[in-house]
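These are my notebook entries on one structure. They record what I looked up, topic by topic.

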2 protein chains.
Amino acid sequence: MREFVDVAKALSDSTRVRILIALKGRELCVCQLVELVGLAASTVSKHMAVLRHAYLVDFRKEGRWAYYRRVGRDAPKRAQAALRWLDSSIEMKKGMVDDATRLAMILEIPVEELCRTEK
Amino acid sequence: MREFVDVAKALSDSTRVRILIALKGRELCVCQLVELVGLAASTVSKHMAVLRHAYLVDFRKEGRWAYYRRVGRDAPKRAQAALRWLDSSIEMKKGMVDDATRLAMILEIPVEELCRTEK
DNA sequence: TGGTCATTTCGCCACAGAACGAATTATAGT
DNA sequence: ACTATAATTCGTTCTGTGGCGAAATGACCA
């Protein structure tokens with residue numbers, strides 16, 4: 001019950017949903033997510049903490065970078081069910097398409113270059 | 001997308017989740033829901049408006065009473081999928097059992113009597 | 001050891017939303 | 001028509017959360 005509501009809360013913000021959709025089938029670095037959603041790094045980091053606590057994402061640190069990915073089969077069932085619900089509910093339209101093309105462009109750029117703070 | 005987040009928001013409050021669980025397989029009057037969750041009628045009414053706008057519940061008015069029920073097959077797919085997700089995620093434990101027995105007691109009382117304001 | 005840089009944590013502000021009681025609306029009964 | 005009452009809407013208060021920039025953390029490099 002408590003856990004269910006926590007997961008629902010995690011899914012009840014459009015930025016977090018955009019991130020989860022972007023993470024479908026791939027892992028992404030924080031700086032790539034920052035570029036995708038166009039918010040401050042601290043804000044994105046906070047969002048990722050929310051997703052982590054709901055067991056919707058996992059991450060690994062590689063040097064200075066943190067790569068986030070969706071949780072796998074070892075995650076709680078409610079998290080997997082939530083991701084299935086998300087994927088089955090989202091239709092590709094409006095903002096989603098924009099994100100998809102934007103993400104494609106981001107993936108073109110090497111991470112080392114993308115993360116340069118100046119830009 | 002927008003719609004998905006709205007549904008997720010509707011599910012991200014424990015009172016609303018309790019109500020949706022109570023509504024599984026039956027319709028309930030507002031005064032019964034008030035009795036169940038123990039909140040002010042105005043608060044419950046607002047919760048029901050949120051659930052309505054997310055297309056998770058429907059209602060019919062019978063005289064002074066308003067009977068709420070879960071939406072049926074004619075509702076948006078995302079709403080039905082959300083309810084399926086809810087049902088599959090909730091396990092009967094802790095607060096849920098309390099609600100179940102409490103609801104059983106409430107159902108014993110005729111609505112006309114239950115809605116008497118004095119009590 | 002010191003400097004740079006990606007990420008997170010902290011402190012703050014602004015707004016969304018959950019709660020209540022009071023006022024309003026609508027229906028039933030007299 | 002008047003009263004009673006179930007439900008909703010309104011106005012208010014308070015807590016929770018999203019946003020940012022600044023400071024702290026931790027890793028790499030020189």
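**Entry 1: terms and model.** I take a polar contact as a pair of N or O atoms within 3.5 Å; within protein, one must be able to donate a hydrogen and the other to accept it, and residues adjacent in sequence count only if both atoms are side-chain atoms. I note that the model is predicted, that local features need pLDDT of at least 70, that side-chain atom pairs count only at pLDDT 80 or more, and that totals for chains, interfaces and linings use all residues. Residues are numbered from 1 along each chain as its sequence is written, chains are lettered from A and ligands numbered from 1 in the order in which they are written, and side-chain values use heavy atoms, with hydrogens and water left out.

**Entry 2: DNA strand C.** I looked up the polar contacts of chain B with this strand. A polar side-chain atom of B:Ser42 lies 3.1 Å from a base oxygen of DNA strand C. The side chain of B:Lys46 places an N or O atom 3.0 Å from a base nitrogen of DNA strand C. For B:Thr43, a side-chain N or O atom is 2.8 Å from a phosphate oxygen of DNA strand C.

I then listed the surroundings, counting a residue as near a strand if one of its heavy atoms lies within 4 Å of it. There are 25 residues around DNA strand C, and A:Cys29, A:Ser45, A:Tyr68, A:Cys115 and B:His47 come nearest. Of the atoms of DNA strand C that come within 4 Å of the protein, 76% belong to sugar and phosphate.

For secondary structure I use DSSP runs, numbered from the N terminus: helices are H or I with at least four residues, strands are E with at least two. The surface near DNA strand C draws at least two residues from each of helix 3 (30–37), helix 4 (41–53) and strand 3 (65–70) of chain A, and from each of helix 2 and helix 4 (41–53) of chain B. Helix 4 of chain B gives the most, with four residues.

I classed Ala, Val, Leu, Ile, Met, Phe, Trp, Tyr, Cys and Pro as nonpolar, Asp, Glu, Lys and Arg as charged, and the others, Gly among them, as polar. On that basis the surface near DNA strand C has 10 nonpolar, eight polar and seven charged residues.

**Entry 3: DNA strand D.** Which residues come nearest to DNA strand D? Of the 25 around DNA strand D, I find A:Arg16, A:Thr43, A:His47, B:Ser45 and B:Tyr68. Sugar and phosphate make up 72% of the atoms of DNA strand D that come within 4 Å of the protein.

I recorded three contacts to phosphate oxygens. The side chain of A:Thr43 has an N or O atom 2.7 Å from a phosphate oxygen of DNA strand D. A polar backbone atom of A:Ala40 is 2.9 Å from a phosphate oxygen of DNA strand D, and a backbone N or O atom of B:Ala66 is 3.2 Å from a phosphate oxygen of DNA strand D. Helix 4 of chain A gives the most to the surface near DNA strand D, with four residues.

**Entry 4: the interface of chain B and chain A.** With contact meaning heavy atoms within 4.5 Å, 20 residues of chain B touch 20 residues of chain A. Buried area is the accessible area (1.4 Å probe) that two parts lose on being put together, summed over both. The two chains bury about 1,800 Å² between them, 80% of it on carbon and sulfur atoms. B:Met1, B:Phe4 and B:Trp85 supply 44% of the area that chain B buries against chain A, more than any other three residues.

I also searched this interface for salt bridges (a side-chain nitrogen of Lys or Arg within 4 Å of a carboxyl oxygen of Asp or Glu). The rule finds zero salt bridges across the interface of chain B and chain A, and two residue pairs in polar contact, both at pLDDT 80 or more. The largest share of the side of chain B that touches chain A, six residues, comes from helix 5 of chain B. By class, that side has 13 nonpolar, three polar and four charged residues.

**Entry 5: relation of the copies.** I superposed the copies by least squares on the C-alpha atoms of residues with pLDDT of at least 70 in both. A turn of 180° and a shift of 0.0 Å along the axis lay chain B on chain A with an RMSD of 0.0 Å. The two copies are therefore related as by a two-fold rotation axis. The same surface serves both copies, as 100% of the contact residues of chain B recur in chain A.
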